[in-house]
Amino acid sequence: MRETRVLLADDHTLIRAGLRMVVDAQPDLTVVGEADDGRATVAMAEALKPDVIVMDIGMPSLNGIEACRQIREILPETQIVMLSMHSDEGYVLRALKAGAKAYLLKDSAEADLARAIRSAAAGKSFFSPAVGKVLLEDYMRKLQRTGAEDSYDLLSPREREILQLVAEGNSSKDIANLLNLSVYTVETHRARVMQKLNLRGIPELILYAVRKGVIS
Amino acid sequence: MSLSFDPRILAMTLNEHAAEASQLELAPPSNKVRWLFLGVCGALLALLLVSGVLSVRFLAKMQSQELAVTRALAERAQMLSGLWLSIQTYNDAVQQFVAETQADREEPSHQQLDQLTLEIDSDLKRYPVERDSSEAELLDGLQEVFSQQRTLYVSTLARNSGERGRSVESFNAEHVAAVQKKILDWSGKLRAWNGERLGNVDRTLMTEFAGVQGGLTRALTIGLGSGLLLVLAGTAYIVRLERQTHSRYTQLAQSQHALQQLSARLVDAQETERRAISRELHDEIGQALGALLVDLGRLSTASNDRPEVKAQLENMKSVTERAFQAVRNVALLLRPSMLDDLGLVAALEWQGREVSRRSEMEVEVQSENVSDALPDEYKICVYRLVHEALSNAVRHSGAKNARVMVRQSSKNITVRIGDDGHGFNAQRTRGLGLLGMEERVKRLGGTFTVESKPGHGATLTAEIPFSSSNGRTSGATTS
């Protein structure tokens with residue numbers, strides 16, 4: 001099996017060293033380069049074309065979000081694992097919108113990094129468990145205080161299944177194959193889910209799924 | 001850790017400026033000057049009043065005197081001409097009588113002469129009784145001449161008509177003409193004396209008038225002079241006061257400007273320091289702890305076969321995690337990295353969720369058209385404004401809901417923070433928090449308004465001029 005090539009981008013040498021040790025400990029992963037700011041990351045990504053980039057969200061000269069967007073434009077095959085100190089939905093949503101596949105909190109990076117890299121390499125979403133927890137708490141508190149009803153209850157079992165599969169990063173075609181449905185039916189379900197949950201775009205759908213603990 | 005303005009620093013600077021202000025304050029204008037002014041004005045008015053009353057009274061007196069003199073003169077002149085006429089008639093009658101030759105006409109002529117004599121006497125008696133010695137003398141002289149004439153006539157008349165007829169020519173030439181001339185002289189003297197007296201009275205009046213005129217002129221001169229002095233002194237005093245006021249105003253404006261600059265520098269210094277500390281915490285301590293966490297995690301995984309070591313490592317890891325969280329929170333409070341990483345709107349949304357998580361107040365954040373690329377001082381200003389307003393609302397208002405609205409137009413940025421708490425009296429309550437907010441907004445040339453009534457929540461609004469086309473507005477200052 002081909003090794004997954006990983007580029008590490010973080011402006012802190014200590015963190016990079018720690019991450020490198022974690023990655024190097026995995027036989028199926030290999031570190032191909034290290035970058036210490038946003039611009040260097042974009043340049044190295046272009047030169048090395050890694051499978052996955054593990055990137056700090058706050059970096060000098062060009063922050064992680066912007067670097068992520070640029071890299072996704074140039075190299076659509078390269079997946080990005082975002083590293084952050086923040087579990088707030090503002091960060092998660094913006095990282096998702098910029099095209100990141102996985103979102104890891106720095107304080108739990110060591111435990112989940114390998115899984116996150118593998119998920120991202122396979123085109124699947126991954127989130128630190130703590131992120132889902134914070135998002136869910138925010139969501140539940142808001143429901144409780146404003147007296148709104150939980151839109152998740154509006155979904156049919158089939159729609160929930162589709163929500164999870166879309167959020168995990170599957171295309172409509174994958175889902176159709178998996179569930180033995182036509183692509184058209186999947187698309188219809190998908191549109192209805194978006195409508196019921198009042199979501200605009202895949203990043204919001206993924207965020208919603210994370211919040212509800214549908215994926216992690 | 002307090003992130004609000006340090007009240008001691010502000011109080012200190014305010015005190016310094018108060019001391020400065022009291023130094024430049026000049027001695028208050030004394031009451032003496034005011035009393036002096038009043039005194040001089042009063043004296044001036046009294047002077048004018050007195051001289052006015054005196055001259056009016058004098059004029060009235062003079063008029064009545066002149067009237068009396070003229071009347072007396074007219075009376076005398078009338079009497080004299082009456083007397084003169086009577087004497088003249090008497091003379092004619094005597095001459096006629098002397099020339100009369102017929103005896104039967106004698107008796108009625110006698111009677112006529114007696115009648116005329118009585119008339120002359122009554123004329124003389126009618127002459128005004130108030131007369132001085134020279135006038136009496138003249139009158140006596142006149143009376144004497146007349147009585148001489150009468151005596152003469154009486155002796156002549158005693159003769160019979162024949163005799164009279166012969167001597168009539170010589171009698172007329174010798175006596176009548178002489179006596180008539182005398183009477184004419186005396187009455188001429190009396191007339192002249194009367195004229196002289198009128199002249200005398202006129203002269204006296206003129207002298208008195210000149211005296212009063214002199215007095216009046218002196219009074220007017222004094223009044224005018226002192227009035228002029230008063231005006232000059234008053235003008236000088238006003239000019240001095242104006243100059244003082246102007247210089248005081250200038251000094252006040254200067255010290256106010258200095259105060260504003262100082263507090264602006266204070267805000268800047270605070271912001272710079274916060275950012276430095278935040279970066280230090282985040283970059284050094286935070287990253288060290290992060291690296292430590294990664295290493296501890298690896299060690300823990302590696303020590304799966306030794307449970308007691310693993311338990312200890314897990315414990316160390318959780319302690320480090322807590323420290324990491326604490327450092328992260330403090331760093332965020334000092335300088336939210338969202339502002340740099342994600343822009344203003346995301347930072348405000350984060351702030352809203354953060355407050356919702358930690359308090360009983362649910363915060364809704366709305367934004368319209370807000371650029372992600374605002375200059376740092378604008379981002380910081382809006383962010384701190386919202387932060388302070390929400391903290392205040394949580395701490396003091398008991399609000400259940402708060403709404404933050406940020407809107408950017410072509411000319412300005414509008415920030416509005418409203419809550420449904422129990423409000424406060426916006427006219428009276430101005431804590432350091434509100435002052436600090438106002439200070440920040442003013443620094444960027446904006447306006448800050450607080451609307452609140454007890455029981456009706458509170459709304460804070462800031463309008464900050466900002467034009468995205470030229471990057472920043474002319475009103476904004478950076479230092």
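**Helix pairs, cores and the chain A–chain B contact**

Let me begin with helix α2 (residues 38–48) of chain A and helix α3 (residues 64–74) of chain A, whose axes come within 9 Å and cross at roughly 20°. That angle makes α2(A) roughly parallel to α3(A), where under 35 degrees counts as roughly parallel, over 145 as roughly antiparallel, 65 to 115 as roughly perpendicular and the rest as oblique. The axes are lines fitted to C-alpha atoms, for helices over the stretch in contact, with angles running from 0 to 180 degrees between N-to-C directions, and the helices (H or I, at least four residues) and strands (E, at least two) are DSSP runs numbered from the N terminus.

This is a predicted model, in which local features need pLDDT of at least 70 and side-chain atom pairs count only at pLDDT 80 or more, while totals for chains, interfaces and linings use all residues. Residues are numbered from 1 along each chain as its sequence is written, and chains are lettered from A and ligands numbered from 1 in the order in which they are written.

Staying with that pair, the crossing of α2(A) and α3(A) is right-handed, meaning that the near helix is turned clockwise from the far one by less than a right angle, with anticlockwise being left-handed. On the α2(A) side, A:Gly38, A:Thr41, A:Val42, A:Ala45 and A:Glu46 meet residues of α3(A) that include A:Gly64, A:Ala67 and A:Ile71, a contact being two C-beta atoms, placed from the backbone, within 7 Å.

Chain B offers a second pair, α8(B) and α9(B), whose axes come within 10 Å and cross at roughly 15°, and these two helices are therefore also roughly parallel to each other. Their crossing is right-handed, and the residues that meet include B:Leu344, B:Leu348 and B:Val355 in α8(B), and B:Val382, B:Val386 and B:Leu390 in α9(B). By class, this contact has 9 nonpolar, 2 polar and 1 charged residues, with Ala, Val, Leu, Ile, Met, Phe, Trp, Tyr, Cys and Pro counted as nonpolar, Asp, Glu, Lys and Arg as charged, and the others, Gly among them, as polar.

Now to the interior. The largest nonpolar core has 113 residues, and A:Val54, A:Val81, A:Met82 and A:Ala95 have the most contacts inside it; such a core is a set of buried Ala, Val, Leu, Ile, Met, Phe, Trp, Tyr and Cys residues joined through C-beta atoms within 7 Å. Buried, in turn, means 20 or more other C-beta atoms within 10 Å of a residue's own, exposed means 12 or fewer, and partly exposed lies in between, with C-beta atoms placed from the backbone. Helix α9 (residues 376–397) of chain B gives the most to this core, with 9 residues. Another core, of 13 residues, lies apart from it and includes B:Tyr90 and B:Val145.

How many residues of chain B are in contact with chain A? There are 23, set against 27 residues of chain A. The largest share of that side of chain B, 9 residues, comes from α5(B), and by class the side has 9 nonpolar, 5 polar and 9 charged residues.

To finish, in helix α7 (residues 157–167) of chain A the buried residues are A:Ile162, A:Leu163, A:Leu165, A:Val166 and A:Ala167, and what covers them includes α8 (172–179), α9 (183–197) and α10 (202–211) of chain A. After α7(A) comes A:Gly169, whose phi is positive, near 110°.
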